[in-house]
Amino acid sequence: MQKEIIVLLGGPGTGKSTLINELVARGFCCYPEISRQVTMKAQQEGIEQLFLEKPLLFSEMLLDGRIQQYKSALEEPDNIVFIDRGIPDVVAYMDYIGDEYPDSFTKACEDYKYTKTFILPPWEEIYQSDAERYENFEQAVKIQEHLIETYKKYGYELIEVPKDTVENRILYILDKI
């Protein structure tokens, strides 16, 4: 069987981490979202919102981490690896805020390709802000638009996961792979 490196993407608060946690509980190899770790580390160093204060540094750290996740996924003994957010997310967020970034960001999107991409739509009823998620729901919708545009630019076919129970969303994803 070919190695499947599958990314779950979507704007903030669409349920990605919840699905990743459920996939882990079912025994699948999954890699968590790393932006929270980067944000919390910066907060410990006195930078409240690294993405807002130093977006390029934050994005470089994310890009490095996501490339490492991809490389690690290739080495996993499991044939299926799920990842919470992918490399193109970094470009989408930089485009969302209107900042420039080096060509290495684009090259990474071209060099590291996921086998399937599942996108979770904005869902106001489950959306929650917290210490690491600074966006409001309207901003989350705009980010979603940038994510769609970016992934399509790099040739991905996005499979939309319907708004439903966690169980039904998991079954939908598993049925598509």
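## Helix α4, the parallel sheet and the cores

Helix α4, which takes in residues 55-75, has 21 residues and spans 30 Å from its first C-alpha to its last, close to the 30 Å expected at 1.5 Å a residue. These coordinates come from a predicted model. Pro55, Phe58, Ser59, Leu62, Leu63, Arg66, Ile67, Gln69, Tyr70 and Ala73 are the buried residues of α4. Because they cover an arc of only 165° around the axis, they are placed on the same side of α4. On the other side of the helix, Asp64 and Glu75 are exposed.

Leu63 links this helix to the interior, being among the residues with the most contacts inside the largest nonpolar core, a group that also includes Leu9, Ile83, Ile87, Tyr114 and Tyr151; the core itself has 37 residues. A second core of 14 residues lies apart from the largest one, and Ile6, Ile20, Phe118 and Ile159 are among its members. In soluble globular proteins, nonpolar side chains tend to be buried together.

When neighbours within four places in sequence are left aside, Leu63 is in contact with Ile87, Val90, Ser104, Phe105 and Ala108. Val90 belongs to helix α5, residues 87-97, and is buried with a relative accessible area of 1%. With residues up to four places away in sequence not counted, Val90 touches Ser59, Leu62, Leu63, Arg66 and Phe105. Val90 and Ile20 are 70 residues apart along the chain, and their C-alpha atoms are separated by 19 Å.

Helix α2, residues 35-44, also has a buried set, made up of Ser35, Val38, Thr39 and Ala42. These residues fall within an arc of 95° when seen down the axis of α2, so they line one face of the helix. The buried residues of α2 pack against α3 (50-53) and α4, and just after α2 the residue Gly46 takes a positive phi of about 90°.

The strands form an open sheet of five, in the order β2-β3-β1-β4-β5, with parallel pairing. Its edge strands, each of which pairs on one side only, are β2 (29-31) and β5 (158-160). On average, and with direction ignored, neighbouring strands of this sheet are turned by 25° against each other. The table sets out pairings within the sheet.

| Strand pair | Bridges | Sense |
|---|---|---|
| β1 and β3 | five | parallel |
| β1 and β4 | four | parallel |
| β4 and β5 | three | parallel |

Individual residues can be placed within these pairings: Ile5 stands opposite Val81 in β3, Val7 has Thr117 in β4 as its bridge partner, and Ile119 is partnered with Glu160 in β5.

Strand β1 is largely enclosed by the rest of the structure, because six of its six residues are buried. Its two faces are both covered, with Glu4, Ile6 and Leu8 buried on one side and Ile5, Val7 and Leu9 buried on the other. Of these residues, Leu9 is one of those with the most contacts inside the largest core, whereas Ile6 is among the members of the core of 14 residues. Helix α1 (residues 16-25) lies across β1 (4-9), β2 and β3 (80-84), and runs at about 150° to β3.

Notes: Residues are numbered from 1 along each chain as its sequence is written. This is a predicted model: local features need pLDDT of at least 70, side-chain atom pairs count only at pLDDT 80 or more; totals for chains, interfaces and linings use all residues. Side-chain values use heavy atoms; hydrogens and water are left out. A nonpolar core is a set of buried Ala, Val, Leu, Ile, Met, Phe, Trp, Tyr and Cys residues joined through side-chain atoms within 4.5 Å. Buried means under 20% relative accessible area, exposed over 50%, partly exposed in between (1.4 Å probe, protein chains only). Contact means heavy atoms within 4.5 Å. The expected span of a helix is 1.5 Å times one less than its number of residues. The arc is that of the directions from the helix axis to the C-beta atoms. Two strands pair if DSSP finds at least two bridges between them. Axes are lines fitted to C-alpha atoms, for helices over the stretch in contact, and angles run from 0 to 180 degrees between N-to-C directions.
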